[in-house]
Every structure is written in C-alpha cells, then in structure tokens.
Amino acid sequence: MKVKKVLLSEGNWYFWEKGDLHTDLGSLKELDILKNSKIKSNKNFEFFVFDANFFDKMQRIKRIPQAIMEKDIASILAYSGITKSSIVLEAGTGSGKLSSYLAQYCKKVISFDINEEYLKVAKENFNNLKIKNIELDKADIYKKINLNLKVDVFILDVPSPWLALENIDNLKQGGTFVAYLPTIVQVINLVNESKKFNLKFVKCIENIERSWIIEDPRVRPESKIQFTAFHVFFRKFD
C-alpha cells in the first residue's frame with residue numbers, strides 16, 4: 001500500500017492511499033481527506049488528517065519475515081556512526097525494513113539476501129517508498145564476497161554471523177560491525193569467534209521501550225516490556 005495520508009480517530013490510526021475511506025467509525029469522502037484537516041465521518045466521528053511521513057509509510061510495507069523494530073533500528077543508527085557519506089553493507093535483507101531506514105541517513109546501502117522471494121518483496125517495497133540508494137543482490141554472506149570498495153558499516157541480521165566474518169575484509173579500518181541476534185548464546189559464539197579477526201568488541205545491548213497511556217485521570221504503562229534482540233557492536237582494526 002502506498003500510504004499518502006494517515007487519519008486518527010478515537011485512538012485508532014487509519015491509512016489512506018486514494019478513494020473514499022470506509023472504517024468502523026464511518027465513511028469519509030476522498031475530497032474531505034485531501035483537505036488535511038479535521039473532518040467528520042457519516043457517523044459523526046471526528047478524524048484528524050495528516051500527510052504521511054516516512055514512519056507512517058513504513059507501517060504498510062509488505063512483510064514476509066519478522067521485521068526489526070524501530071527502537072532497535074534507532075540504536076543501530078546511533079551507535080554505528082552512520083552519516084550521510086556512509087556506505088553500508090547489510091546482509092539479511094528480509095522485507096527491507098532496516099535497509100529502508102538506513103537509506104534515509106547514509107549515502108548508499110548494499111544489501112544481500114539468499115532468498116529470492118524476500119528480495120522480490122524488498123524491491124517492491126523500495127520502489128513504493130521511492131528509495132533509490134539501495135543496491136540489492138542475491139548472495140550468500142556465509143561465503144566470501146569481494147566488493148570493489150570498502151564500506152563504513154557492516155550489519156548482519158542472520159542466524160550465524162560468525163560464519164560470515166571473513167567478509168570483514170570489506171569493512172574499512174575503524175569501521176563498525178553490527179550483529180542483530182535474538183539469543184545470548186549467539187552473542188557468545190560471535191564474540192568468541194570475532195577474536196580470530198581484526199575486530200574489537202565494543203558493546204552488547206538490549207533496548208527497552210514501553211508506551212504510556214496519558215488520558216487523565218488514567219495514566220499508566222500501556223503494555224509489558226518486551227525483549228526483541230541483542231545488538232552487538234565491534235570496531236575493525238588493522
């Protein structure tokens with residue numbers, strides 16, 4: 001879905017691309033939605049209409065595998081030192097969610113996946129989001145890959161990243177290597193194996209995010225804290 005507008009009513013979000021919008025709170029006319037204001041449905045519910053930003057559009061991309069969460073993407077962006085001049089090598093494209101966010105902040109993303117179905121979905125998502133600075137290719141990151149350039153950041157979202165460490169050769173000296181892993185056993189395996197390569201362990205973190213309900217007098221946490229994955233950061237040395 002190519003989201004152009006988002007609408008908020010009674011605590012619910014609705015996504016719109018074109019035509020009239022039919023919801024559980026009533027119907028809205030396309031001409032009214034295009035006004036970008038407060039409008040009312042035929043059931044007299046008030047809707048607030050906004051132009052869709054990048055985050056809004058990401059909520060309706062096509063997804064096949066489980067996608068990385070925004071809180072984890074934020075940590076990767078911050079701790080990896082990505083800038084507008086960075087070139088990022090990524091493996092484990094999946095639906096392309098992380099790739100899409102990375103592409104908003106860096107010069108270029110080179111993304112590999114071995115699954116053709118995932119690559120097809122990711123390409124469709126990139127096209128719908130009008131992202132031009134992602135180079136997508138089918139490749140097995142567990143095998144040696146020689147790029148024609150050195151990258152600033154190397155990110156792996158694969159089950160056994162320690163099997164891909166020979167590809168650290170593609171990372172610049174001082175560059176950041178990041179792994180996204182769901183279990184601590186995987187983290188231990190990676191850290192132990194990294195000692196055989198020119199990698200210095202920096203940190204391993206997990207991210208905690210909890211929303212709150214702010215509806216006076218009801219003010220309380222909205223949900224339990226949920227674990228997603230560990231982020232493991234290294235720097236390359238020569």
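Two strands pair if DSSP finds at least two bridges between them. Keep that rule in mind as you work through these exercises on a predicted model.

**Exercise 1. Find how E1 and E2 are paired, and over how many bridges.**

Step 1. Start with the rule: pairing takes at least two bridges. E1 and E2 have five bridges, and they run in the antiparallel sense.

Step 2. Now pick out one contact. Lys-5 has Trp-16 in E2 as its bridge partner.

Step 3. Look at what connects the two strands. E1 and E2 form a hairpin with two residues between them.

**Exercise 2. Find the strand that pairs with E1 over four bridges.**

Step 1. Locate E1, which covers residues 5–9. Strand E6, residues 46–51, pairs with E1 over four bridges, again in the antiparallel sense.

Step 2. Check individual partners. Lys-5 stands opposite Asp-51 in E6, and Val-6 has Phe-50 in E6 as its bridge partner.

Step 3. Ask how covered E1 is. Four of its five residues are buried, so E1 is largely enclosed by the rest of the structure.

**Exercise 3. Write down the strand order of the open four-stranded sheet, then name its edge strands.**

Step 1. The order is E2-E1-E6-E5, with antiparallel pairing.

Step 2. An edge strand here pairs on one side only, and this holds for strand E2 (12–16) and strand E5 (38–40).

Step 3. Add the twist: neighbouring strands of this sheet are turned by 30 degrees against each other on average, direction ignored.

**Exercise 4. Which residues form a nonpolar patch on the surface together with Trp-13?**

Step 1. The partners of Trp-13 are Phe-48 and Phe-50, and together the three have about 310 Å² of accessible area.

Step 2. Take Phe-50 as an example. Phe-50 lies in strand E6, and you have already met this residue as the bridge partner of Val-6.

Step 3. Test its exposure. A patch residue needs over 30% relative accessible area. Phe-50 has 39%, which counts as partly exposed.

**Exercise 5. Compare three salt bridges by the distance between N and O and by how exposed their residues are.**

Step 1. Begin with the idea: side chains of opposite charge can pair when their charged atoms come close. The cut-off used here is 4 Å between nitrogen and oxygen. A search of the whole structure finds eleven salt bridges.

Step 2. In the pair Lys-29 and Asp-20, the closest N and O atoms are 3.8 Å apart. Lys-29 is exposed at 53% relative accessible area, while Asp-20 is partly exposed at 37%.

Step 3. For Lys-97 and Glu-70, the closest N and O atoms are 3.1 Å apart. This pair links distant parts of the chain, 27 residues apart: Lys-97 belongs to helix H4 (residues 97–103) and Glu-70 to helix H3 (residues 70–79). Lys-97 is buried at 5%, whereas Glu-70 is partly exposed at 25%.

Step 4. Glu-215 and Arg-218 meet at 2.5 Å, N to O. Glu-215 is partly exposed at 46%, and Arg-218 is partly exposed at 38%.

**Exercise 6. Track down two residues with a positive phi that are not glycine, and one cis peptide bond.**

Step 1. Recall the usual picture: most residues other than glycine have a negative phi, and most peptide bonds are trans.

Step 2. Glu-10 has a positive phi of about 55 degrees. Glu-10 sits in the loop between E1 and E2, in the turn of the hairpin from Exercise 1. Glu-10 is exposed, with a relative accessible area of 58%.

Step 3. Asn-44 has a positive phi of about 70 degrees. Look for Asn-44 in the loop between E5 and E6, where this residue is exposed at 54%.

Step 4. The cis bond joins Asp-216 and Pro-217, with omega at about 5 degrees. Pro-217 is found in the loop between strand E13 (212–215) and strand E14 (218–221).

**Exercise 7. How many disulfides does the structure hold?**

Step 1. Recall that a disulfide is a covalent bond between the sulfur atoms of two cysteines. To count here, the sulfur atoms must be within 2.5 Å.

Step 2. The structure holds zero disulfides.

Step 3. Finish with two cysteines: Cys-106 is buried at 7% relative accessibility, and Cys-204 is partly exposed at 29%.

Methods: Residues numbered from 1 in each chain as written. Predicted model: local features only at pLDDT ≥ 70, side-chain atom pairs only at ≥ 80, totals over all residues. Heavy atoms only, no water. Salt bridge = Lys/Arg side-chain N within 4 Å of Asp/Glu carboxyl O. Buried < 20%, exposed > 50% of the residue type's maximum accessible area, 1.4 Å probe, protein only. Axes fitted to C-alpha atoms, helices over the stretch in contact; angles between N-to-C directions. Patch = residues over 30% accessible without salt bridge, like charges linked within 9 Å, V, L, I, M, F, W, Y side chains within 5 Å. Areas by Shrake-Rupley, 256 points an atom, 1.4 Å probe, with all protein chains shown as cover.
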